[in-house]
Amino acid sequence: MMGLLAAVTIRTRTATCETQNGFCPDWIAKHWTDYLDPMWQHLQLVVVSVAFGFVIGFTLGVMAHRRRWLVGPITGFTGVLYTIPSIALFTLLLPITGFGFRTAVIALTSYTLLIIFRNVVTGLANVPADALEAGRGMGLTQRQRLWRVEVPLALPEIYAGLRIATTTTVGLAALAFFAGAGGLGAQLMTDINFKSNIVLAGGLCVVLAVVLDLVLLGAERLTVRWEFVGR
Amino acid sequence: MRFRSILALIGAALVTVAFAACGSSDKKDTTSTAAANAAPGSTGKLIVANPDNASKGPITIGSKNFTEEFILGEIYAQSLQAAGYKVKKQLNLGSEQIAYKALKGGQVDAYPEYTGTALTSFYGVKPDAVPKDPQQAFEQVKTFAAKDQITALPPTPFTDSNGFAMTSAKAKELGITKLSDLKGKSEKLILSGSPECRQRTDCKLGLEKTYGLKFKSYLPVDLAKRHSVLTDGQADVSVVFTTDGQIKADNLALLEDDLKFLPPYNVTLLTRDQTIAAAGPDMAQTIEKVQTGLTTPVMQELNSRVDLDKQTPAAVATQYLKESGYVK
Amino acid sequence: MMPASITDDFSGALDFIFHQRDAVSGGVRVGGATLLPLLETHIRVTVISMFIACALAIPFALWLGHRGKGQFAAASAANVGRAVPSIAVLVFFSAYLGLGDTNLIFAMVLLAIPPIFTNTYVGIRQVDRDAVDAARGVGMSGPQIVRRVELPLALPLIFGGMRTSTVNVIATATLGPLVGVLTLGDAIINASVYGPEGRLAGAILVAVLAVTAEVAFALLQRAATPRGLKVVRAPRFRAASRTTTVPSVTSAP
């Protein structure tokens with residue numbers, strides 16, 4: 001046994017920025033690539049959740065736009081989902097869906113519903129009556145009016161909802177480690193004493209949110225300009 | 001107009017995906033280099049890649065969520081990879097409850113667990129009934145695990161017990177070297193440990209009962225804070241692991257458990273029977289081989305490289321395998 | 001997963017809330033009344049944090065909103081605030097403030113400020129300028145305008161901001177046991193003692209607490225909405241306030 005022991009060098013240590021758990025730019029420069037994998041997981045959580053949330057929220061929004069009485073119940077239900085703290089929701093889902101990506105996505109999706117639904121409904125409701133009138137005058141069917149008049153005019157609201165849902169989800173996904181789904185939060189938890197780690201993991205969340213927000217903003221600018229030209 | 005809107009949304013999605021893709025392509029694959037370097041045909045310590053293993057299903061190695069587990073998970077994963085297996089990693093599963101559930105459910109094929117923890121947390125053994133002899137404790141785990149279709153592979157040489165530590169200065173000042181010295185002094189001292197420690201008989205409850213102590217208060221903290229609560233002066237006594245590198249680095253005094261209430265905690269790689277059967281004899285042999293060098297001082301050093309030097313567990317595991325001659 | 005086992009899990013969790021039992025790890029009783037101190041701590045740190053956050057954010061936002069400055073600050077606070085992970089804030093400041101109530105409350109105040117600040121600011125800016133001009137016309141001073149016209153009209157939105165923050169603070173307090181404060185999160189984080197049913201019980205209690213706070217603020221918000229005054233539209237949908245950003249506010253009705 002002693003023969004094997006000699007193989008690993010036992011070092012003597014002096015105090016460095018790292019051993020002091022400090023904020024160490026050198027360490028960050030060397031190790032930031034280790035955070036790309038968790039960031040990728042984080043991004044997947046956000047993109048998948050917001051995409052599902054958009055499909056569901058948008059569908060609900062269009063349904064409620066036609067049948068106004070649905071607005072109250074749907075708002076109430078998605079509102080309760082939105083209120084349940086994420087750690088609690090991850091935990092509540094464990095007996096049903098187990099640990100992993102799926103559980104995290106279900107919880108995160110449920111948080112986006114209220115935001116997206118509300119903005120879709122408000123956006124559609126704010127379409128000027130004369131625009132609708134013009135559409136009707138052109139002989140468009142209800143379906144055509146929805147896609148050619150109402151949705152395009154509601155786009156700014158819809159994008160606003162998507163942007164809020166996205167930044168919110170980036171922040172909430174940092175707790176997805178409670179559902180065993182990794183992400184930047186899990187990376188952060190590997191060493192919560194080390195300031196470089198906290199700042200890097202937390203900072204990357206903010207960077208991720210800002211980049212996604214800019215992407216959506218860019219898409220919005222592109223679309224809404226088209227709308228103006230088209231109008 | 002509708003199509004343009006949709007196009008823009010799709011465009012946004014594409015940019016996002018592209019952004020994500022460049023993130024993923026950058027990730028380092030430290031394990032593959034280890035596999036490539038293992039030259040077949042050598043004897044002794046060196047792990048030899050058996051080409052037959054490549055065709056077997058991937059083995060998923062899990063770990064709980066703290067340094068020693070990360071390092072062990074990496075060592076096992078990298079050594080199996082060196083032996084020619086396809087290996088996936090699911091490190092950072094969380095607490096033992098989560099990890100064991102993942103193991104039973106087949107989300108992971110194997111993960112390192114402490115014998116004492118397995119007995120008390122999974123198999124209903126009361127902490128004071130855990131055998132004080134490491135080998136005996138392991139045999140018990142093996143018997144219990146078999147009922148869950150799980151094989152407990154032979155234990156590591158190192159023992160990582162819970163221990164109670166103080167700063168050397170404080171211990172000297174109060175004249176405390178062993179736990180029974182705390183008698184009559186503990187009423188003025190703050191004890192710190194994980195939230196669960198305060199309710200466990202192999203931790204605070206057992207300490208108080210065995211030694212007849214009562215502390216001024218209890219500060220529950222995340223495991224990661226177990227040394228800084230002492231060095232920052234927020235607690236006087238803290239629950240540490242005996243393999244912690246910080247004990248030496250932070251000049252802490254580990255108090256001797258003179259009444260021997262703390263059970264020994266050696267690590268066994270809990271593996272699904274199914275996985276063992278599918279993987280063949282190379283798996284158990286490789287695991288046994290790489291952990292022979294894992295003595296207590298070595299484990300302390302490896303933990304220090306992560307906890308103090310802030311190297312990644314993956315890099316430290318590779319260093320261990322290379323420095324010990326298990327891989328080239 | 002069998003549906004029957006799911007029902008078992010949840011009924012076990014309810015039993016845990018109402019009755020004590022031996023801990024999974026033995027040696028101590030958990031559940032039932034032992035949850036009360038955790039609940040009490042959870043509520044205490046939440047209330048203290050909310051008081052401090054309101055005392056800091058509302059006056060400042062009133063002043064900026066009245067002067068019509070700080071549009072950018074209001075927007076940034078709302079946007080960036082959402083993406084900062086609560087866990088990062090919590091552990092970061094624990095390196096400076098140590099462990100315990102002070103650090104937890106400090107972090108929660110930081111997280112509670114942005115929604116209150118933004119909503120108060122937007123609430124004031126949203127007050128019909130005609131109403132303000134009319135008030136000035138009848139000789140009201142600046143502070144009088146704030147107190148008698150702007151504040152009452154902005155109140156529903158301010159309550160909306162407090163509602164968001166309270167729910168967020170209750171959620172963040174769940175992480176307390178990681179930084180030295182035993183809240184209801186203890187049952188969730190510490191499953192090796194409480195067991196899976198205890199963990200589920202903790203989650204149920206945290207969820208109920210949050211929904212209760214939400215409903216209480218919704219009622220307050222409704223009560224604060226001036227009857228017959230249409231200049232300020234009380235958010236019809238509860239999130240109209242919670243998710244206020246400048247982009248959505250400017251395009252809101």
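User: Which residues cover the two faces of β3(B), and are they buried or exposed?

Analyst: In this predicted model, B:A110, B:P112 and B:Y114 lie on one side of β3(B), B:Y111 and B:E113 lie on the other, and all are buried. In a regular strand the side chains alternate between the two faces of the sheet.

User: What makes strand β3 of chain B largely enclosed by the rest of the structure?

Analyst: Five of the five residues in the strand, which spans residues 110-114, are buried, so the rest of the structure largely encloses it.

User: How do you know that β3(B) pairs with β10(B), and in which sense do they run?

Analyst: Pairing requires at least two bridges. Five bridges join β3(B) to β10(B), residues 267-272, and the two strands run antiparallel. The criterion is therefore met. Within this pair, B:Y114 stands opposite B:V267 of β10(B).

User: Why is B:T201 called buried?

Analyst: The cut-off is 20 or more other C-beta atoms within 10 Å. B:T201 has 23 within that distance, so the residue qualifies as buried. B:T201 belongs to the loop that connects β6 (190-193) with α8 (204-211) in chain B. From B:T201 to B:E323 the separation is 122 residues in sequence and 39 Å in space, C-alpha to C-alpha.

User: What makes β7 and β9 of chain B edge strands?

Analyst: The open sheet has five strands in the order β7-β6-β8-β5-β9 (chain B), with mixed pairing. β7 (217-220) and β9 (252-255) each have a single partner strand, so one side of each lacks a neighbour in the sheet. On average, neighbouring strands here are turned by 35° against each other, direction ignored.

User: How do you know that β6(B) and β8(B) count as a pair?

Analyst: Two bridges link β6(B) to β8(B), residues 237-241, in the parallel sense. With at least two bridges required, the pair therefore satisfies the criterion. One residue match is B:S192 with its bridge partner B:S238 in β8(B).

User: What pattern does chain C follow along the sequence, and how many helices and strands does it have?

Analyst: Chain C has eleven helices and two strands. Its order along the sequence is α-β-β-α-α-α-α-α-α-α-α-α-α. Of its 253 residues, 53% are buried. Among contacts in chain C with a separation of 6 or more, 74% join residues 24 or more positions apart.

User: How do you know that α2(C) meets α7(C), and which way do they cross?

Analyst: The helix axes of α2(C), residues 36-67, and α7(C) come within 9 Å and cross at roughly 145°. The crossing is right-handed. Residues of α2(C) in the contact include C:H42, C:V45, C:M50 and C:L62, while those of α7(C) include C:G142, C:V146, C:I158 and C:A173. By class, the residues of this contact are 13 nonpolar, seven polar and one charged.

User: What makes up the side of chain C that touches chain A?

Analyst: In the contact between the two chains, 39 residues of chain C meet 41 residues of chain A. At least two residues of the touching side of chain C come from each of several helices, including α1 (3-18), α7 (142-173) and α9 (191-224). The largest share, eight residues, is supplied by α9(C). That side comprises 27 nonpolar, seven polar and five charged residues.

Terms used
Residues numbered from 1 in each chain as written. Chains lettered and ligands numbered in written order. Predicted model: local features only at pLDDT ≥ 70, side-chain atom pairs only at ≥ 80, totals over all residues. Helix = DSSP H or I, 4+ residues; strand = E, 2+ residues; numbered from the N terminus. Buried ≥ 20, exposed ≤ 12 C-beta atoms within 10 Å, placed from the backbone. Contact = placed C-beta atoms within 7 Å. Nonpolar A, V, L, I, M, F, W, Y, C, P; charged D, E, K, R; others polar. Axes fitted to C-alpha atoms, helices over the stretch in contact; angles between N-to-C directions. Left-handed = near helix turned anticlockwise from the far one by under 90°.
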